[in-house]
Amino acid sequence: MKLSSLLALLFVVTAAHATSPVTASLGDWRTPIGAIVRIEPCGNAVCLRVVKLSPNPPQTVDVHNPDPRLRNRPACNLVIGSGFTPADDKRLGGGHLYDPLSGHTYRGYITPEGNQLKLRGYILFTLFGRTETWQRIPTIQSGCH
């Protein structure tokens, strides 16, 4: 009995260490303003796409985009992150994050921590940035239309 419990514990610990930051990041996440963002494979990297707007969205189109031609594109289904690949065994990096509320694009890191995701956007150095915490939710079936 004790040997089987020890083997089961060893399996759980090994499985936890085997989970890559890519695998741990995939899925649907609720942002602090209530929007739902899906993290999904995108070629050889990971992308972030808005799949549902918050209940009272501050905007429904990309009005703050620095390119005037893109200011009428819908905020729903908007790709807000791209190019993320494993930076180390705990986080994704090398990608860019677009903030549709400001129209700015930042370099970033994504760090999954169980049912939370720490998303850090920064300019030049990680010191000059901010971190948001997103909550994992079950995959939604309906969202943007």
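Partly exposed, as used here, covers residues between the buried limit of under 20% relative accessible area and the exposed limit of over 50%. D67, with a relative accessible area of 21%, falls in that band and therefore counts as partly exposed. Keep these cut-offs in mind for what follows.

The model is predicted. Its mean pLDDT is 86, and 87% of the residues reach 70 or more. Residues 1-17 need caution: over this stretch the pLDDT is below 50. Beyond near neighbours in sequence, residues 1-17 make zero contacts in the model.

Now the overall layout. The protein contains two helices and eight strands. Read from the N terminus, the order is α-α-β-β-β-β-β-β-β-β. The protein has 145 residues, and 34% of them count as buried. Take the contacts between residues at least 6 apart in sequence: 41% of these join residues at least 24 apart.

Turn to the strand pairing. Strand 5 and strand 6 run antiparallel, and six bridges join them. Strand 6 covers residues 104-113. One pairing to find is H96, which stands opposite R107 in strand 6. The two strands form a hairpin, with four residues between them. G103 sits in that turn and has a positive phi of about 85°.

The next hairpin follows. Strand 6 also pairs with strand 7, again in the antiparallel sense, over seven bridges. Here I110 has L119 of strand 7 as its bridge partner. Two residues lie between strand 6 and strand 7 in this hairpin. The turn holds G114, with a positive phi of about 70°.

What lies at the centre of the nonpolar packing? The largest nonpolar core has 16 residues. Within this core, L48, I80, F84, I110 and W134 touch the most other members. Several strands contribute: strand 2, strand 3 (45-52), strand 4 (79-86), strand 5 (92-99) and strand 7 (116-123) each supply at least two residues.

I80 is a good residue to display. Leaving out residues up to four places away in sequence, I80 touches V37, L48, V50, H96, L97, Y98, P100 and W134. Two of these names have come up already in the core: L48 and W134. H96 has come up too, as the residue opposite R107. I110 likewise appears twice, in the core and as the bridge partner of L119.Next come the disulfides. A disulfide is a covalent bond between the sulfur atoms of two cysteines. The count for this protein comes to two. With bonded cysteines counted along the chain, the pattern is 1-2, 3-4.

C42 and C47 form one disulfide, with their sulfur atoms 2.3 Å apart. The torsion about this S-S bond is about -65°, so the disulfide is left-handed. Its two ends differ in exposure. C42 has a relative accessible area of 37%, so C42 is partly exposed. C47 is buried, at 6%.

The other disulfide joins C76 to C144, with an S to S distance of 1.7 Å. This pair links distant parts of the chain, 68 residues apart. C76 lies in the loop between strand 3 and strand 4, while C144 lies in the segment after strand 8 (125-137). The torsion about the S-S bond of C76 and C144 is about -85°, so this disulfide is left-handed. Both C76 and C144 are buried.

Last, the charged pairs. How many salt bridges does a search of the whole structure find? The search finds six. Three of them are picked out below.

Start with R38 and D28. Their closest N and O atoms are 2.6 Å apart. R38 belongs to strand 2 (residues 36-42) and D28 to strand 1 (residues 27-30). The two residues are 10 apart, and the pair links distant parts of the chain. Are these partners buried or exposed? Both R38 and D28 are buried.

R69 and D67 form another salt bridge, with 2.9 Å between the closest N and O atoms. R69 has 72% relative accessibility, so R69 counts as exposed. D67, as noted at the start, is partly exposed at 21%.

The side chains of R130 and E132 also meet in a salt bridge, at 3.2 Å from N to O.

Definitions and conventions: Residues are numbered from 1 along each chain as its sequence is written. This is a predicted model: local features need pLDDT of at least 70, side-chain atom pairs count only at pLDDT 80 or more; totals for chains, interfaces and linings use all residues. Side-chain values use heavy atoms; hydrogens and water are left out. A salt bridge is a side-chain nitrogen of Lys or Arg within 4 Å of a carboxyl oxygen of Asp or Glu. Buried means under 20% relative accessible area, exposed over 50%, partly exposed in between (1.4 Å probe, protein chains only). A nonpolar core is a set of buried Ala, Val, Leu, Ile, Met, Phe, Trp, Tyr and Cys residues joined through side-chain atoms within 4.5 Å. Contact means heavy atoms within 4.5 Å. A disulfide is a pair of cysteine sulfur atoms within 2.5 Å. Two strands pair if DSSP finds at least two bridges between them. pLDDT is the predictor's confidence in each residue, from 0 to 100.
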